[in-house]
Amino acid sequence: MATETLTLGKALNTGLRRALEHDQKVVIMGEDVGKLGGVFRITDGLQKDFGDQRVIDTPLAESGIIGTAVGLAIRGFRPVCEIQFDGFVYPAYDQIVSQVAKMHYRSQGKVRIPMVIRIPYGGGIGAVEHHSESPEAYFAHTAGLKVVTCANPQDAYWMIQQAVASDDPIVFLEPKRRYWEKGPVDLEAPLSAAYPLHSARVARAGTDATVLAYGPMVRTCLDAAAAAAEDGRELEVVDLRTLSPLDLTAVYESVRRTGRCVVVHEAPGNLGLGAEIAARVTEECFYSLEAPVLRVTGFDTPYPASRVEEEYLPDLDRVLDAVDRAFGW
C-alpha cells in the first residue's frame, strides 16, 4: 500500500488527475482553473499535462460555465465545474436547479447529467464578502441533486474520483479552511475499494454522546471530543460525508447506544441540515434519547466581516457547551 501524506487540496488535485487519466471524456472547466491552477491551486499543473481542451479557462460567468457543462454532459462528456468561491454560485443557481437537477427526471430517465460542481465553501480564512458562505441547504433541498462534502485528505482523494465517475449530477463541497490540513492518503487501492460515496462514517468512537458533523466542522468536533476525553466523557463523532441523500444508518446506531445527540454545522440554524437531522433522529430514536437533539450552528445572519468571523463560526467551546446541556437533562 502506497500511503502518502498530502494536504486536502493536494489530495483533490491528485484525485482529479487520476480521473482525467482514467476517462478521456472528463473535462475540467472554470475561472482560472488552467494556467493559474485555480485560486486555491486545486487544479495546479493539470492544464499543462492534459491540455487546454480538457482543462478549460472559462469567462467569468458562472451560469455560462454550468450551462455549457449541461450540454457537454448530454453529449457524453463528464464535466467537472469549479465555482471559484461559494458566494459566486448564485448566478448559476437557476441552471443548477432548473436544468442540472431536473433533466434526468424530465426526460423520463433517458438523459443523464454526469457532472460535478465543485464549490469551496465555509468560513475561517478571513475572506471578504461573497467569499465565505455555507449554501449546502439550497442544494440538499433540491430533488435531483446529490450533495457530498469531504473532511480529510483521504476522503478528498477518493470522493472526487467517485463523484466524477457517477452518472448523477453531484455538488461537491470542499471545506476551504481545511485545504492545507495534512493526512495520510492511500494512492494505490482501486477505486472499487474506496469507502462508498454516499455513506456516513464514524470518525471517532465513543459511548457517552453522539456528535454529528460534516465538512469543516468534523475537525472542530474531533478536537472537542479530545478535550472532552480529558474530563472523562467519550464522544462519538460521526462524519456525515453525504448531505443528499443523507445516510443516517450509522447515526441511528450511534444515538441508540449513546442516548444523546448534538448536530454541528457552520450554516445558519434556521432550516439548516441540523433541523432535518434532528427531526429524523427524534422520529427513529425517540425511546433511546436521554435529552433533546441539540444543534450548534452559525447564526441566522450573513457571514460577518472577517475580523469577527470567529464569533460566528461554531468552535470547540460551543460544541462542548451543547454536550454539557445534553447531559443536564
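**View 1. Seven strands line up in an open sheet.** In this predicted model, take the strands in the order 3-2-4-5-7-6-12 and you have walked across the whole sheet, whose pairing is mixed. At the edges stand strand 3 (55–57) and strand 12 (242–244). Each of these has a single partner strand, so one side of each is left without a neighbour in the sheet. Neighbouring strands here are turned against each other by 20° on average, direction ignored. If pairing is new to you: strands of a sheet pair through backbone hydrogen bonds, either parallel or antiparallel.

**View 2. Strand 12 meets strand 6 at one end of that order.** How do strand 6 and strand 12 pair, parallel or antiparallel? They go for the antiparallel sense, over two bridges. To find one of the residue pairs, look for Val 147 and its bridge partner in strand 12, Ser 244.

**View 3. Helix 3 lies across three strands.** Helix 3 covers residues 62–74, and the strands it lies across are strand 2 (26–30), strand 4 (78–82) and strand 5 (116–121). Compare directions with strand 4: the helix runs at about 170° to that strand.

**View 4. Thr 142 sits in a loop.** The loop in question links helix 6 (136–140) to strand 6 (146–149). Is Thr 142 buried or exposed? Its relative accessible area is 9%, so Thr 142 counts as buried, the cut-off being under 20%. Who keeps it company? Leaving aside neighbours within four places in sequence, Thr 142 is in contact with Tyr 93, Val 97 and Ala 101.

**View 5. Five strands make another open sheet, again with mixed pairing.** Read the strands here in the order 9-11-10-13-14. Which strands are at the edges? They are strand 9 (201–204) and strand 14 (294–298), and each pairs on one side only. On average, neighbouring strands of this sheet are turned by 25° against each other, direction ignored. Zoom in on strand 10 (residues 209–213) and strand 13 (residues 261–268): these two run parallel and are joined by three bridges. Val 211 has Val 262 of strand 13 as its bridge partner.

**View 6. Helix 8 and helix 12 both lie across strands of the five-stranded sheet.** Helix 8 (residues 217–229) lies across strand 9, strand 10, strand 11 (235–239) and strand 13, and it runs at about 170° to strand 11. Helix 12 (residues 316–327) lies across strand 10, strand 11, strand 13 and strand 14, with an angle of about 160° to strand 14.

**View 7. Helix 9 crosses helix 10.** Two packed helices are described by the angle between their axes and the distance between the axes. For helix 9 (residues 249–258) and helix 10 (residues 273–285), the axes come within 10 Å and cross at roughly 60°. That makes helix 9 oblique to helix 10, and the crossing is right-handed. Helix 9 brings Val 251, Tyr 252, Val 255 and Arg 256 to the contact, while helix 10 brings Arg 280, Val 281, Glu 284 and Cys 285. Sorted by class, that gives five nonpolar, no polar and three charged residues.

**View 8. Helix 9 has a set of buried residues.** Look for Ala 250, Val 251, Tyr 252, Ser 254, Val 255 and Thr 258. What covers them? The cover includes strand 10, strand 11, strand 13 and helix 10. Just after the helix comes Gly 259, with a positive phi of about 80°.

Methods:
Residues are numbered from 1 along each chain as its sequence is written. This is a predicted model: local features need pLDDT of at least 70, side-chain atom pairs count only at pLDDT 80 or more; totals for chains, interfaces and linings use all residues. Side-chain values use heavy atoms; hydrogens and water are left out. Axes are lines fitted to C-alpha atoms, for helices over the stretch in contact, and angles run from 0 to 180 degrees between N-to-C directions. Helices (H or I, at least four residues) and strands (E, at least two) are DSSP runs, numbered from the N terminus. Angles under 35 degrees count as roughly parallel, over 145 as roughly antiparallel, 65 to 115 as roughly perpendicular and the rest as oblique. A crossing is left-handed if the near helix is turned anticlockwise from the far one by less than a right angle, and right-handed if clockwise. Contact means heavy atoms within 4.5 Å. Ala, Val, Leu, Ile, Met, Phe, Trp, Tyr, Cys and Pro count as nonpolar, Asp, Glu, Lys and Arg as charged, and the others, Gly among them, as polar. Buried means under 20% relative accessible area, exposed over 50%, partly exposed in between (1.4 Å probe, protein chains only). Two strands pair if DSSP finds at least two bridges between them.
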